[in-house]
Each structure stands twice: as C-alpha cells, then as structure tokens.
Amino acid sequence: MSQRGVFLVFEGIDVSGKSTQARRIAERHDALFTFEPGDTPLGVDLRHWLLDAGTPMEPQTEALLMLSDRSHHVASVIEPALREGRSVVSDRYYASTLAYQGYGRGVDLALLQSASDLAIGSCRPDETILLDVSLKVVNERRAHDQKDRFESADVAFHERVREGYLELAERNAWIVVDGAHGPDEVARVIDERVAHLPW
Ligand code: TYD
C-alpha cells in the first residue's frame, strides 16, 4: 500500500494571491492542484449559482451549496488522490465556509462546523496556510470590472471574513503568511514553511 499523500490547503480573502501560490507549490512538489468551489463536473454548475450575483440566496443555502460542492470534491477528487499516494494542494477548503458563511454572513458557527464534518469526514488537511492581506491591499489589487456575489459584498463583510480567518488561524495553529509582499517573496516564505512536510 502506498503512503498517503500530503494534503495542503491555502486560505485567504479574495485576491490575497493564494491561487497563484497554491498552483506554484503544487507544481514544485508534483502534487495535484485543485480548488473550491467548482473543480468537479457537478461543482461547475454549483459554482455558477454560488457566484451569480443575480440569484439572491439565503446564507444557509449558500453554506449548504458550498458544503455539497466540498463533499463531492472530497469523495471524487481529493480522497482518491491522497489514497493513491499523490499529494494534493487545494485552493480553499472547509475553513472558507467558516470564514465566509460563518464569520462573514453570520451563519451559526457550531452548526456549520457539524455540517462541515459531515461533508469532509476524516479528510483533514495536514497543513493550512493563511495568506493574510489587509482590505487596503485588496482594494488596490481588485479590478473594477464585473463583480460576483462575494466581490460585490460590502467592505464590512470582507473585514469580518479576514478577522474570522485570523481567529481560526490562531486557534488551529495554521501558518500565517503576509500576502502584501511580491509573489516571489511570498513563495520563498511558503517554501520554507512547508519544507518539513513528507512530500
Ligand atoms: P475563489 O474561486 O477562490 O475566488 P477568489 O480567487 O476570488 O478568492 O472563490 C470564489 C468565492 O467563493 C470567493 O469569494 C470565496 C467564496 N467561498 C465561500 O464563500 N465559501 C466557501 O466555502 C468557498 C469554498 C468559497
């Protein structure tokens, strides 16, 4: 039986640069890069409705659709790869739902935690990296074109999401990396911090 792969997760608010960094580290360690929401055929449809700013949705509905996407993603993509011994780097995982739907939208955190456990079972990340940036940096980076459901939410929502992430990071001893630096410098710091993992 092959050894289980490493499962590394990147979290952060929109335009924190996590997607670039997650892809980079996956390539470096020959790991499978994946993301949420939407990296399965079912997930493509779920992502469409989740991001569509023209379809009003209850916060609970939003949370349950995120969890449906995740549960299918775990069962059909993440777990099979890890079991085969392939490492997996995911751009977002269960903490995104706690941060956005819990801290951001105000859905009850304890209920969300239980529902997340139902969605992911025993598939826990070996390490989580929070790429932290201030809202000032986000505003400088964000293109002012078409906005999805989350991009069009107000600044206070994004502040709550960021604070939620920082609280989760402290409680769960995640790796927190300052995302305000250039991509090469951020990549160098991340490389150092994940070198100990059994890739
Ligand atoms: P993503 O594709 O990572 O967008 P970005 O690269 O801009 O961060 O995620 C799309 C949006 O979905 C993003 O605004 C965060 C939101 N999201 C949640 O609200 N809850 C979740 O559980 C997940 C996975 C994403």
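## The sheet

In this predicted model, five strands line up as an open sheet: the 5 strands follow the order β2-β3-β1-β4-β5, with parallel pairing. At the edges you'll find β2 (32-35) and β5 (175-178), each pairing on one side only. Going from one strand to the next, the twist averages 20°.

Let's zoom in on one pair. Strand β4 (residues 127-132) joins β5 in the parallel sense over 4 bridges. L131 has V177 in β5 as its bridge partner. Helix α7 (residues 155-172) lies across β1 (7-11), β4 and β5, and runs at about 145° to β4.

## Two helices that pack

Two packed helices are described by the angle between their axes and the distance between the axes. For α1 and helix α8 (residues 183-194), that angle is about 50° and the axes are 10 Å apart, so α1 counts as oblique to α8. The crossing of α1 and α8 is right-handed.

Who meets whom here? From α1 come Q21, R24, I25 and R28, while α8 brings P183, D184, V186, A187, I190, D191 and V194. Sorted by type, the residues of this contact are 6 nonpolar, 1 polar and 4 charged.

## A look at Q21

Q21 sits in helix α1 (residues 18-28). Is Q21 buried or exposed? Its relative accessibility is 4%, and buried means under 20%, so Q21 counts as buried.

What does Q21 touch, leaving aside residues up to four places away in sequence? The neighbours are F10, L131, P183, V186, A187 and I190. Among them, P183, V186, A187 and I190 also appear on the α8 side of the helix contact.

Definitions and conventions: Residues are numbered from 1 along each chain as its sequence is written. This is a predicted model: local features need pLDDT of at least 70, side-chain atom pairs count only at pLDDT 80 or more; totals for chains, interfaces and linings use all residues. Side-chain values use heavy atoms; hydrogens and water are left out. Helices (H or I, at least four residues) and strands (E, at least two) are DSSP runs, numbered from the N terminus. Buried means under 20% relative accessible area, exposed over 50%, partly exposed in between (1.4 Å probe, protein chains only). Contact means heavy atoms within 4.5 Å. Axes are lines fitted to C-alpha atoms, for helices over the stretch in contact, and angles run from 0 to 180 degrees between N-to-C directions. Angles under 35 degrees count as roughly parallel, over 145 as roughly antiparallel, 65 to 115 as roughly perpendicular and the rest as oblique. A crossing is left-handed if the near helix is turned anticlockwise from the far one by less than a right angle, and right-handed if clockwise. Ala, Val, Leu, Ile, Met, Phe, Trp, Tyr, Cys and Pro count as nonpolar, Asp, Glu, Lys and Arg as charged, and the others, Gly among them, as polar. Two strands pair if DSSP finds at least two bridges between them.
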